[in-house]
Amino acid sequence: MARKKVYSGSIERIEVMGTDDDEDFPWIEEDEYRELYRKMMIARKFDEKAFKLQRRGEISTYAPHKGQEACQIGSVFALEEDDWMVPSFRETAAFIQRGAPLEKIFQRWMGDANGQKGLAELNTLPVAIPVGTQNLHTSGIGMAMSFEQDENAVLGFTGDGSTSEGDFHEALNFAGVYDSHSVFFVQNNKFAISMPVDRQTNSQTLAQKALAYGIEGIQVDGNDILAVIKATREALEKARNGEPVLIEALTYRLEDHTTSDDSTRYRDEEEVEEWKEHDPLKRFREYLKEHGMWDEELEAFESKAEDKIDEAADKALEMDDPSFDELFDYVYGEMPEMMEREKKQLRGELE
Ligand SMILES: Cc1ncc(C[n+]2csc(CCOP(=O)(O)OP(=O)(O)O)c2C)c(N)n1
């Protein structure tokens with residue numbers, strides 16, 4: 001028998017497309033609508049290309065973001081230049097919107113950490129793969145902003161699975177106590193690898209987890225890019241004033257967890273097909289058509305995006321491999337003795 005789901009407090013859910021909340025249209029510049037679509041298409045094509053490169057052996061493992069483009073591009077669009085972004089490991093579309101060069105993003109997926117050089121200039125942290133740790137960084141950066149009394153905010157990405165980790169709860173607790181300028185953006189894509197969200201938590205929503213820490217928790221339709229922008233903008237404004245917010249974006253991972261996974265073993269093909277109907281690109285395209293913003297240039301953009309992506313991948317493939325020393329050089333500010341020895345040992349300088 002299914003257990004009762006416990007719920008307390010009221011969780012608001014933000015939706016825009018096809019609702020009364022869209023009455024104020026247009027609430028971003030017309031060019032911005034179009035540019036958002038282009039970015040979503042580039043991100044989609046990146047995913048497709050990375051998959052092919054993985055199959056060719058140029059990338060060892062890839063984590064696709066297909067279906068989550070609205071979450072990532074919409075939320076990063078809401079950031080100001082001086083704000084900070086904390087990615088998890090599936091945030092390729094977020095990096096694209098933040099302005100990271102495509103070839104550098106490929107370079108990192110090809111296993112060369114040099115692809116992350118320059119991210120600090122974009123006020124963006126490098127990728128953190130340990131699940132849940134991103135939340136501590138989001139909380140800590142936001143606390144520093146609070147201590148410094150500056151007007152910036154930090155947007156941190158994390159997954160539904162991470163909300164079952166201790167790090168997530170510690171991060172939220174500190175954020176609440178220290179008026180951290182943080183927005184925790186939880187992409188609830190329904191799975192943590194093969195573990196469905198309703199088997200890893202008995203909470204009715206993930207947003208309500210914030211309430212326990214005195215933080216506002218809201219839900220947003222994560223496949224509606226306009227709703228994501230609206231929700232994130234509002235949350236960032238609150239965060240700037242020391243009121244952290246958790247956004248649970250309801251979305252779906254349309255592909256496997258990574259290229260090492262086979263999702264047909266744990267989820268129903270029918271469910272995937274159903275979510276394809278809510279594909280964020282498809283929905284936004286329909287929206288643009290309804291509002292008279294679709295034109296020949298956008299129609300032709302898919303093949304342009306493919307060319308851009310091919311060009312960037314070629315550039316990354318032509319890059320030199322990282323040097324031996326770089327394996328060690330950026331791990332610590334000052335290299336500990338033990339690591340010096342390891343470096344020498346690997347070079348064959350020690351017995
Ligand atoms: C601390 C830790 N435990 C386990 C893993 C292996 N792992 C990688 S991704 C993942 C699932 C994460 O699920 P979720 O947070 O929902 O993010 P999603 O992969 O769906 O984007 C796990 C268990 C890890 N990277 N870090």
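An oxygen atom of the ligand lies 2.7 Å from a polar backbone atom of G161. The structure is a predicted model. In this model the protein buries 70% of the 570 Å² that the ligand exposes when taken alone. A second oxygen contact involves a side chain: a polar atom of D160 is 3.1 Å from an oxygen atom of the ligand. The backbone of I129 also takes part, with a polar atom 3.2 Å from a ligand nitrogen. The ligand has 14 residues around it. Those that come nearest are R90, V131, G161, N189 and F191. G161 thus appears both in this nearest group and in the polar contact at 2.7 Å.

A polar contact within the protein involves N188. This residue lies in strand β4, which spans residues 182-188. A polar atom of the N188 side chain is 3.1 Å from the backbone nitrogen of K190. N188 has a relative accessible area of 4% and is therefore buried, the cut-off being under 20%.

Strand β4 belongs to an open sheet of six strands. The order is β1-β7-β8-β4-β3-β2, and the pairing is parallel. β1 (13-14) and β2 (84-86) stand at the edges. Each has a single partner strand, so one side of each lacks a neighbour in the sheet. Strands of a sheet pair through backbone hydrogen bonds, in either the parallel or the antiparallel sense. For β1 the partner is β7 (residues 216-221), and two parallel bridges join them. Within this pairing, R13 stands opposite Q219 of β7.

Aromatic contacts were searched over the whole structure, giving 14 pairs. The rings of Y33 and Y287 are stacked, because their centres are 6.3 Å apart and their planes meet at 25 degrees, under the limit of 30 degrees. The pair connects distant parts of the chain, 254 residues apart. Y33 sits in helix α1 (residues 30-55), whereas Y287 sits in helix α10 (residues 280-290). Both partners are buried: the relative accessible area is 0% for Y33 and 4% for Y287. F324 and F328 form another aromatic pair, with centres 5.9 Å apart. Their planes stand at 50 degrees, and the pair is tilted. Burial is uneven here. F324 counts as partly exposed at 32% relative accessibility, whereas F328 is buried at 8%.

Y33 and Y287 also belong to an aromatic cluster, together with Y37, F284 and W294. One member of the cluster, W294, has a charged neighbour: K289 lies over the face of its ring, 5.3 Å from the ring centre. A similar arrangement involves an arginine. R108 lies over the face of W109, at 4.6 Å from the ring centre.

Helix α10 also contains R285. With a relative accessible area of 26%, R285 is partly exposed. In the same helix, Y287 is buried at 4%. The C-alpha atoms of R285 and I215 are separated by 35 Å, and the two residues are 70 residues apart along the chain.

Technical notes
Residues are numbered from 1 along each chain as its sequence is written. This is a predicted model: local features need pLDDT of at least 70, side-chain atom pairs count only at pLDDT 80 or more; totals for chains, interfaces and linings use all residues. Side-chain values use heavy atoms; hydrogens and water are left out. Rings of Phe, Tyr and Trp (its six-membered ring) pair if their centres lie within 6.5 Å; planes under 30 degrees apart count as stacked, over 60 as edge-to-face and the rest as tilted. Buried means under 20% relative accessible area, exposed over 50%, partly exposed in between (1.4 Å probe, protein chains only). A charge sits over a ring if NZ of Lys or CZ of Arg is within 6 Å of the ring centre and within 35 degrees of the ring normal. A residue is near a molecule or strand if one of its heavy atoms lies within 4 Å of it. A polar contact is a pair of N or O atoms within 3.5 Å; within protein, one must be able to donate a hydrogen and the other to accept it, and residues adjacent in sequence count only if both atoms are side-chain atoms. Accessible areas come from the Shrake-Rupley method with a 1.4 Å probe; for residues, only the protein chains shown count as cover. Two strands pair if DSSP finds at least two bridges between them.
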